[in-house]
Amino acid sequence: MENVLRPLIVLGGTVLLTLAIGWGTDRLLCKADERDHDTPLWGLLRRARIPYQLVLCTAMLRGSYDQTKLLERHQVGIGRTLTLVLIGSAAWLVIRIVSAVVETTYTRYARAHRDAARVRRVRTQVELIMRVVSAIVIVVAASSMLLTFPAMRAAGASLLASAGIIAAIAGVAAQSTLSNMFAGLQIAFGDMVRIGDTVVVDGEWGTVEEITLTFLTVRTWDERRITMPVSYFTSKPFENWSRGTPQMTGIVYWHLDHSAPIEAMREKLRDILRHCPAWDGRAYGLVVTDTTPNTIQVRALVTAKDADDIWTVRVAVREQMITWLSAEHPYALPRVNTADAVLPPYRVPSPDRASLRRAYDFPRTGRG
């Protein structure tokens, strides 16, 4: 009877105690979250309750399993399995806690600063820091798991002795990977490109959606994703429309006839922009920038707060101006001239009456 009750008491008590401690911790976090709505820390920490309970359960089982007197022949294997689970769950818990703290810090920073460019820079740095921390924790956890095996501990000395040679070989073999990793850190802390920036890469216009230590993803206007190595942005030129301030100036061109009403077009441009919500009201202008034998080139300058709005303003101005010209001033649109050439003016001698009579009689008489 004792052989049955002892395992039930130890295992059941461990599970019940784990659930009770987990429930009590979760209630404390809920109350802290209700008292302090300004910080999301407590709500984010609640996401770590599963690895937290797993750490508690495996730690108590690892310490009390010897008292169960269950499967004594496999006691070493079970103890090692519990140790591996404990290390893995502890690494999971550390990553969740660090993520909650970093996310809370970023949220407070974003609320305190109105500069969108600076907030995007901090967000990029935070995400890359989280990836580095996660990678370090995973590597340490995996190394700790391997060191629990006696054979791996025995091989540790020889591995450390040849660490220099292995590092050199790995550096040569993974040269591109390492360059991408260093390029990712350079992008994060060099403020070259940030998450949310509008960029033009290889002729493609889009928004930076994700930055990792090895690659960068750009979401284009037609919902495509372009994935590029981060080393591209440190070795080749690219356009960053969000660098500094997101405000932009856009250009709209028309090719019109020489008789186009330029002054009336300026007034119409002002009316169009007044009814365009995407225009930020900073500036506008319309001038003739070039001329050809058949047309003139008219350029309009408009402003907006970011790249998305400047696109909206440009297409609205282009469309409404063409519609207005077609309806009110159709002569201003470019056309192909098919009229006869106008000869230069010259004096023609007045013909006498006899020559006029001969010219009149010629078709009827047939005389030459």
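The legends below describe close-up views of a predicted model.

**View 1. The largest pocket and its lining.**
The largest pocket holds about 210 Å³ of space. Its lining is made up of 17 residues, and those nearest the centre are Gly196, Thr198, Thr207, Ala307 and Asp308. Two or more lining residues come from each of the elements α5 (116-147), β2 (204-211), β3 (215-220) and α11 (307-328). Of the contributing elements, β2 gives the most to this lining, with three residues. Sorted by class, the lining of the largest pocket comprises seven nonpolar, six polar and four charged residues.

**View 2. The second largest pocket.**
About 170 Å³ of space lies in the second largest pocket. The residues that line this pocket are Trp205, Trp221, Trp241, Ala307, Ile310, Trp311 and Arg314. Here α11 gives the most to the lining, with four residues. The lining of the second largest pocket has six nonpolar residues and one charged residue, with no polar residues. Ala307 appears in this lining and is also among the residues nearest the centre of the largest pocket.

**View 3. The β1 and β2 hairpin.**
Strand β1 (residues 198-201) pairs with β2 in the antiparallel sense, over four bridges. Within this pairing, Val200 has Trp205 of β2 as its bridge partner; Trp205 also belongs to the lining of the second largest pocket. Two residues lie between the strands of the hairpin, in which Asp202 takes a positive phi near 55°.

**View 4. The β2 and β3 hairpin.**
Strands β2 and β3 run antiparallel and are joined by five bridges. The bridge partner of Glu210 is Thr217, in β3. Three residues form the hairpin connection from β2 to β3. Both strands are among the elements that give two or more residues to the lining of the largest pocket.

**View 5. The salt bridge of Arg224 and Glu204.**
Side chains of opposite charge can pair when their charged atoms come close. The model contains nine salt bridges. In one of these, Arg224 pairs with Glu204, and the closest N and O atoms are 3.0 Å apart. Arg224 lies in the loop between β3 and β4 (225-229) and Glu204 lies in strand β2, so the salt bridge ties together parts that are 20 residues apart in sequence. Arg224 counts as partly exposed because its relative accessibility is 36%, a value between the limits of 20% and 50%. Glu204 is likewise partly exposed, with a relative accessible area of 26%.

**View 6. A salt-bridge network that includes residues of β2 and β3.**
Glu209 and Arg219 meet through their side chains in a salt bridge, at 3.7 Å from N to O. This pair links distant parts of the chain, as Glu209 is in strand β2 and Arg219 in strand β3, 10 residues apart. Glu209 is partly exposed, at 34% relative accessibility, and Arg219 is partly exposed, with a relative accessible area of 29%. A further salt bridge is formed by Glu223 and Arg225, whose closest N and O atoms are 3.6 Å apart. At 44% relative accessibility, Arg225 is partly exposed. Glu209, Arg219, Glu223 and Arg225 are joined into one network by salt bridges that share partners.

Conventions. Residues numbered from 1 in each chain as written. Predicted model: local features only at pLDDT ≥ 70, side-chain atom pairs only at ≥ 80, totals over all residues. Heavy atoms only, no water. 1 Å grid on protein atoms, 1.4 Å probe; cavity = no way out; pocket = protein on both sides within 12 Å on 5 of 7 lines; lining within 4 Å. Points joined across faces, edges and corners; volume = space filled by probe spheres on them. Nonpolar A, V, L, I, M, F, W, Y, C, P; charged D, E, K, R; others polar. Salt bridge = Lys/Arg side-chain N within 4 Å of Asp/Glu carboxyl O. Buried < 20%, exposed > 50% of the residue type's maximum accessible area, 1.4 Å probe, protein only. Pairing = 2+ DSSP bridges.
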